[in-house]
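This report describes a single protein chain. It covers the sheet, the salt bridges, a cis peptide bond and a surface patch.

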Amino acid sequence: AARGGAEALTALEARPYDLIIADTHVMMPDGTPFPDALLAGRPAVQSRLALITATARPDPRAAFHLSRPLNLRDLRAIANAVFSSPPPSPATRAGS
């Protein structure tokens, strides 16, 4: 688990992740929302991105959405959807 947006991006550069779960309100040090910074350099991860929000409105930046309070059933459904998809190619996993 990363403690902030910058740490999360560093972790994603170090190795690929099958599923990325982030709060919609996490900010980068420069004030850019983490989901925007993540997708700017790695648009292919959108299909593996789940954003947590306090509202029921879906966020168009992510393929999946989780509302607070988190529900294990919803998290399992997202994980099943991601893991039942064909694995991304090595180039996609690297974020290209």
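## Strand pairing

In strand 3, Ser67 is the bridge partner of Thr53. The model that shows this is predicted. Ile52 has its place opposite Leu66 in strand 3. These contacts belong to the pairing of strand 2 with strand 3, which is parallel and runs over 4 bridges.

Strand 2 also pairs with strand 1, in the parallel sense and over 4 bridges. Here Ile20 stands opposite Leu49 in strand 2. Between strand 1 and strand 2 the chain passes through helix 2, and this β-α-β crossover is right-handed.

## The sheet as a whole

The 3 strands form an open sheet with the order 1-2-3 and parallel pairing. Strand 1 and strand 3 are the edge strands, each of them pairing on one side only. From one strand to the next, the twist averages 25°.

What is the burial of strand 2? Of its 5 residues, 5 are buried, so strand 2 is largely enclosed by the rest of the structure. Leu49, Leu51 and Thr53 point one way from strand 2, while Ala50 and Ile52 point the other way, and all are buried.

## Chain composition

The sheet is set in a chain with 4 helices and 3 strands. Read from the N terminus, the order of elements is α-β-α-β-β-α-α. The chain has 96 residues, and buried residues make up 33% of them.

## Salt bridges between distant parts

How many salt bridges are there? The count comes to 4. One of them joins Glu13 and Arg42, with the closest N and O atoms 3.3 Å apart. Glu13 is in helix 1 (residues 5-14) and Arg42 is in the loop between helix 2 (34-41) and strand 2 (49-53), so the pair links distant parts of the chain, 29 residues apart. The two partners fall into separate burial classes: Glu13 counts as exposed because its relative accessibility is 60%, where the cut-off is over 50%. Arg42 has 13% relative accessibility and therefore counts as buried, the limit being under 20%.

Arg68 and Asp23 also meet through their side chains in a salt bridge, with an N to O distance of 1.7 Å. Arg68 lies in the loop between strand 3 (64-67) and helix 3 (72-84), and Asp23 lies in strand 1 (residues 20-23), so this salt bridge ties together parts that are 45 residues apart in sequence. Asp23 counts as buried at 18% relative accessibility. Arg68 is partly exposed, its relative accessible area being 40%.

## A salt-bridge network

Asp36 forms a salt bridge with Arg61, and the closest N and O atoms are 3.0 Å apart. This pair, too, links distant parts of the chain: Asp36 is in helix 2 and Arg61 is in the loop between strand 2 and strand 3, 25 residues apart. Asp36 has a relative accessible area of 34% and is partly exposed.

Which residues are joined into one network? Asp36, Asp59 and Arg61 are, through salt bridges that share partners.

## The cis peptide bond

Arg68, the salt-bridge partner of Asp23, is also part of a cis peptide bond. This bond runs from Arg68 to Pro69, with omega near -5°. Most peptide bonds are trans. Pro69 lies in the loop between strand 3 and helix 3, and Arg68 lies in that loop as well.

## Nonpolar surface patch

Which residues form a nonpolar patch on the surface? The patch consists of Ile21, Leu72 and Leu75, which together have about 240 Å² of accessible area. Ile21 lies in strand 1, one of the edge strands of the sheet. With a relative accessible area of 42%, Ile21 is partly exposed. Its accessible area is over the 30% that a residue needs to be in a patch, so Ile21 can be part of this one.

How values were computed:
Residues are numbered from 1 along each chain as its sequence is written. This is a predicted model: local features need pLDDT of at least 70, side-chain atom pairs count only at pLDDT 80 or more; totals for chains, interfaces and linings use all residues. Side-chain values use heavy atoms; hydrogens and water are left out. Helices (H or I, at least four residues) and strands (E, at least two) are DSSP runs, numbered from the N terminus. Buried means under 20% relative accessible area, exposed over 50%, partly exposed in between (1.4 Å probe, protein chains only). Two strands pair if DSSP finds at least two bridges between them. A crossover is right-handed if, with the strands pointing away from the viewer, the path from the first strand over the helix to the second runs clockwise. Axes are lines fitted to C-alpha atoms, for helices over the stretch in contact, and angles run from 0 to 180 degrees between N-to-C directions. Patches are made of residues with over 30% relative accessible area and no salt bridge: like charges are joined within 9 Å, nonpolar side chains (Val, Leu, Ile, Met, Phe, Trp, Tyr) within 5 Å. Accessible areas come from the Shrake-Rupley method with a 1.4 Å probe; for residues, only the protein chains shown count as cover.
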